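Colleague: Hi, have you got a minute to go through this model with me? I'd like to start with how the chains meet.

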Amino acid sequence: MKLSRIPQQIIPLGILFAAAIIGLVVLRAIFVPPTFGEHGHYRAAAVDEISQLPESYAGIKACMDCHSDVYDLKQASVHKGLSCETCHGAAAAHAADPEAAKPVVPTGRNLCLTCHGYLDSRPSGFPQIISATHNPAKPCMSCHNPHSPIISAPTEECAACHAGIANQKAVSHHAELACTQCHTVPKEHFTQPRVFAAQKPAGREVCGACHANAGSGKEIPQIDLATHGGRYMCWDCHYPHSPEAQ
Amino acid sequence: MNQPPKMPRREFLSNVAATVPSWLLFLSAFKPERLFAQESEKYDPTKHNYSMGVDIRKCIGCGRCADACKTENHVPREPFFFRTWVERYVIPVEGEVYVDSPNGGIDGFPEYKAESETLRTFFVPKLCNHCENAPCVQVCPVGATFTSQDGVVLVDASYCVGCRYCIQACPYGARYLHPTTKVADKCTFCYHRITKGDLPACVEVCPTQARVFGERNSNSSPIRRFLRFNDVKVLKSYLNTRPKVYYAGADEEVR
């Protein structure tokens, strides 16, 4: 077959086609990035780029070596499921160079309340408190160790658990009265309050010891135990922790 | 006198010297590198296949996951951009299901006063489902979003043209347009962490282990245990996207 046999009009057309194909190949080589299509319709190098991004969280294992005391304490406590960085924030920079970067050390009440503040959507059984009545105005850490939060040395301060009542009594006519004046409290109540209940006054005589006793002191208003209030308990009319005479 | 048999000092020392190699062998078994077996071989993506499990019954809605995710992945702090977030569901006895997620749950949830009595209420952490049939991958015109060999849906930020098709296509609302780079962004299962053997940041900080992550290929991984011992479901299963994030304890209202 001779070249001259090919119809004349085909030759410029052929050149045009060849140029178009070469152009396409060149443009593709320029615009399609190197590793595109190695594993699929994407740039394979992107996977390596993403996997080489730096980490901000070091993970709890990183803290183990230098802070073994805190680690051991926490792992033996109810907070064993928490990572150090759940509370202290991202600390990879600190783990790499402890002098150069310091993690956050939380203060106050907000951190604990993100988990322990009462919300009805939380699973029932998760320990929650109502911040307004659970020792308000004191940082949680003044009583709870964040790395081992259950209070093992029991408090004998009734206010730690009955803050509402204690606050009310503190500004009432009964401010000077000890809680144990009216309540008998077994020692076990401080550690297992629900198993060992404190006694509530049973009869009118508890109040009568002061209010129907001429020898109890001038400043204590006196009533006649036999007639005053009829057959009702005194606390059906007077709130014992904040008594009013009206 | 009954003297103990004497061993010449020279003989004793050479005996001790003879045991040195076996001592070294013994000690080498306790080399710290052995105890914390580090994966020094190069990461091979074809050998891995990841999934995540979320146990709604354990989630306390503390939002630490959403917070940690923003820090780890440099997600803008404004309350419109999330790779993962926590939703609160309130299902009333009568009427519409109420769902909210103020700032993704990072700052906690305000008290919600329901109009009618509440039947059930709980928290649902959400994230990219890393679908096997990912609609976002199908619609991407340039191949900037793709499923990697280990089954993670990723975005090639340097190749994305920011056309937003994928954001429209995602039935789970898991994608957003990054306000500064102007490209699509989403959860990567913390690909830079998992390929080094670490947990995703959200799983690392979860205080109740409501999030479980691991290897589908291994019989003993946490995720396989999770799948074996829980009755799980995936979100919007009727779309046939085949998600790799499994939910345990989810009501039918969760979608």
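Modeller: Happy to! One term before we start: a salt bridge here is a side-chain nitrogen of Lys or Arg within 4 Å of a carboxyl oxygen of Asp or Glu. Keep in mind that this is a predicted model.

Colleague: Good. How many salt bridges does the rule find across the interface of chain B and chain A?

Modeller: Three turn up there. In one of them Arg193(B) pairs with Glu55(A), and their closest N and O atoms are 3.2 Å apart.

Colleague: And which elements of chain B supply residues to the side that touches chain A?

Modeller: Helix 3 (64-73), helix 6 (191-194) and helix 7 (201-205) each supply at least two residues, as do strand 4 (118-127), strand 5 (145-147) and strand 6 (153-155). Helix 3 of chain B gives the most, with four residues.

Colleague: What's the mix by class on that side of chain B?

Modeller: The side of chain B touching chain A has 18 nonpolar, 13 polar and 10 charged residues.

Colleague: Now the totals: how many residues are in contact, and what area is buried between the chains?

Modeller: On chain B 41 residues are in contact with 34 residues of chain A. The buried area is about 3100 Å², and carbon and sulfur atoms give 59% of that.

Colleague: New topic. Where does UniProt put a transmembrane region in chain A?

Modeller: The annotation, from an unreviewed entry, covers residues 12-31 of chain A. In the model that stretch is 100% helix and 0% strand, with its end C-alpha atoms 28 Å apart.

Notes
Residues numbered from 1 in each chain as written. Chains lettered and ligands numbered in written order. Predicted model: local features only at pLDDT ≥ 70, side-chain atom pairs only at ≥ 80, totals over all residues. Heavy atoms only, no water. Contact = heavy atoms within 4.5 Å. Buried area = accessible area lost by both parts, 1.4 Å probe. Nonpolar A, V, L, I, M, F, W, Y, C, P; charged D, E, K, R; others polar. UniProt positions renumbered as here; feature names shortened; annotations may be inferred.
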